[in-house]
Amino acid sequence: MDIRAGSRESLRHHGDVEAGPGLLDFAVNVQGDGPPEWLRRRLADALGSLGTYPTVAADLAARTAVAERHGRSPDEVLLLAGGAEGFSLLPRLGVRQAALFHPSFTEPEWALREAGIPVTHVLLEDPYRLEQAPVPDSADLVVVGNPTNPTSVLHPAEDILRLRRPGRILVVDEAFADAVPGEVESLAGLSLPDVLVLRSLTKTWALAGLRCGYVLGPPELLQRLQVGRAHWPLGSLQVEAIAACSSAAAVAAARDRAVLLGSWRDDMIRRLRDLGVAVHQPAFAPFLLLRLPDGELMRKHLRERGIAVRRCDTFPGLDANFLRVAVRPGEQTDVLIDAMKEIL
């Protein structure tokens, strides 16, 4: 199998492939083993609706909740079966050439290439800032992650907005924006005619198995995304979960969680650097990008010790000496640090 960065297989290589039963999981960026109890109860209460098709009213209620959460109108919200579904819909925009910043999440490139849309890599070198590499003027679709996976870089909103051009659509992947205290630099609250913002609810709320997300943007672009889309694209529980996670109480809980994650991240950075590990900073996401003298040896060593981390040679611009580790609480970090000490 060709797993080199940029190959078909590498574009679909994600952290869940690294994780497995019995492994301490630092490879997947989902927070926790499952949703909090209040969300479990709400979803359990909704099980009685499974005998009927998802309703237009429920869809509107969820879109209204999302809209109120971001200061938008319901017609600027499209519910998604996970943020990744949004990438699969991008080819329906009818674009001719896409530009993608790398290293970054590879799913949008896979979806665009599968649809036969030419893709240009805009490769960034450390410190992975947007001003380092020019975007071709011919690109009528630009995709950027904020914060970016796997570098944990948070780009200033003004730098992202500078990518706008007449005739170009700008897509901002904010899958991890709710893990940033205050959601600073987010474009989710801006109504712009040429900007789409994708959000995921699967990471903060541990809903990876349910697939929940949404895209914010002008109604005209959202209509184009839906051309040919299957009827009832989301199930009733997905719609219920999106509404629940957009409530004021849920947003406040996510804000508190982001602060807690920040303290865990600072602790992990300090302890990793004390070992002599190069950690890319500043870091704003619920994961860290590490560089080691022999990352592949470390990855295999950790796996033998029952710890899964994310290889990064599948991201264009990175090689096997880079690893990504999810931010975890202190007791789990203890296990990671102790295992790494054995060969450092």
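**Stop 1: two helices side by side**

Select helices α10 and α12 in this predicted model: α10 passes α12 in a right-handed crossing. For α10, pick residues 248–274, and for α12, pick residues 330–341. Their axes come within 11 Å of each other and cross at roughly 15°. Angles under 35 degrees count as roughly parallel, and that is why α10 is described as roughly parallel to α12.

Now show side chains where the two helices meet. On the α10 side, display Met268, Arg271 and Leu272. On the α12 side, display Gly330, Thr333, Asp334, Leu336, Ile337 and Met340. Colour this α10–α12 contact by residue class and you will get 5 nonpolar, 2 polar and 2 charged residues.

**Stop 2: a second partner for α12**

Keep α12 on screen and add helix α11, residues 295–304. How do the axes of α11 and α12 cross? They come within 10 Å and cross at roughly 120°, which makes α11 oblique to α12. The crossing of α11 with α12 is right-handed.

To view the contact, select Met298, His301 and Leu302 from α11, together with Leu336, Ala339 and Met340 from α12. This set holds 5 nonpolar residues and 1 polar residue, with no charged ones. Leave Leu336 and Met340 highlighted for a moment: both belong to the α12 side here, and both are also listed for α12 in its contact with α10.

**Stop 3: a covered strand**

Next, select strand β13, residues 322–326. Is β13 mostly covered or mostly open? It is mostly covered, with 5 of its 5 residues buried. Turn the strand in your viewer and follow the side chains: Phe322, Arg324 and Ala326 point one way, while Leu323 and Val325 point the other way. In a regular strand, side chains alternate between the two faces of the sheet.

Then bring in the neighbours of β13. Strand β10, residues 287–291, pairs with β13 in the antiparallel sense over 5 bridges. A handy place to look is Leu288, which stands opposite Val325 of β13. Strand β12, residues 310–311, also runs antiparallel to β13 and is joined to it by 2 bridges. There, Arg311 has Leu323 of β13 as its bridge partner.

**Stop 4: the seven-stranded sheet**

Move on to an open sheet of 7 strands with mixed pairing. Colour the strands in the order β2-β8-β7-β6-β5-β3-β4 to walk across it. The edge strands are β2 (77–80) and β4 (119–123), each pairing on one side only. From one strand to the next, the twist averages 20°.

Zoom in on the β2 edge. β2 and strand β8, residues 213–216, run antiparallel and are joined by 4 bridges. One pair to label is Val77 with Leu216, its bridge partner in β8. Add helix α4, residues 56–70, which packs on the sheet and touches β2, β7 and β8. The direction of α4 makes about 115° with that of β2.

**Stop 5: a buried glutamate**

Finish at Glu174, in the loop between β6 (169–173) and β7 (195–200). Is Glu174 buried or exposed? Its relative accessible area is 1%, so Glu174 is buried; the cut-off for buried is under 20%. To see what surrounds Glu174, leave aside residues up to four places away in sequence and select those it touches: Asn146, Glu185, Ser186, Leu187, Ala188, Val197, Leu198 and Arg199.

Definitions and conventions. Residues numbered from 1 in each chain as written. Predicted model: local features only at pLDDT ≥ 70, side-chain atom pairs only at ≥ 80, totals over all residues. Heavy atoms only, no water. Axes fitted to C-alpha atoms, helices over the stretch in contact; angles between N-to-C directions. Parallel < 35°, antiparallel > 145°, perpendicular 65-115°, else oblique. Left-handed = near helix turned anticlockwise from the far one by under 90°. Contact = heavy atoms within 4.5 Å. Nonpolar A, V, L, I, M, F, W, Y, C, P; charged D, E, K, R; others polar. Buried < 20%, exposed > 50% of the residue type's maximum accessible area, 1.4 Å probe, protein only. Pairing = 2+ DSSP bridges.
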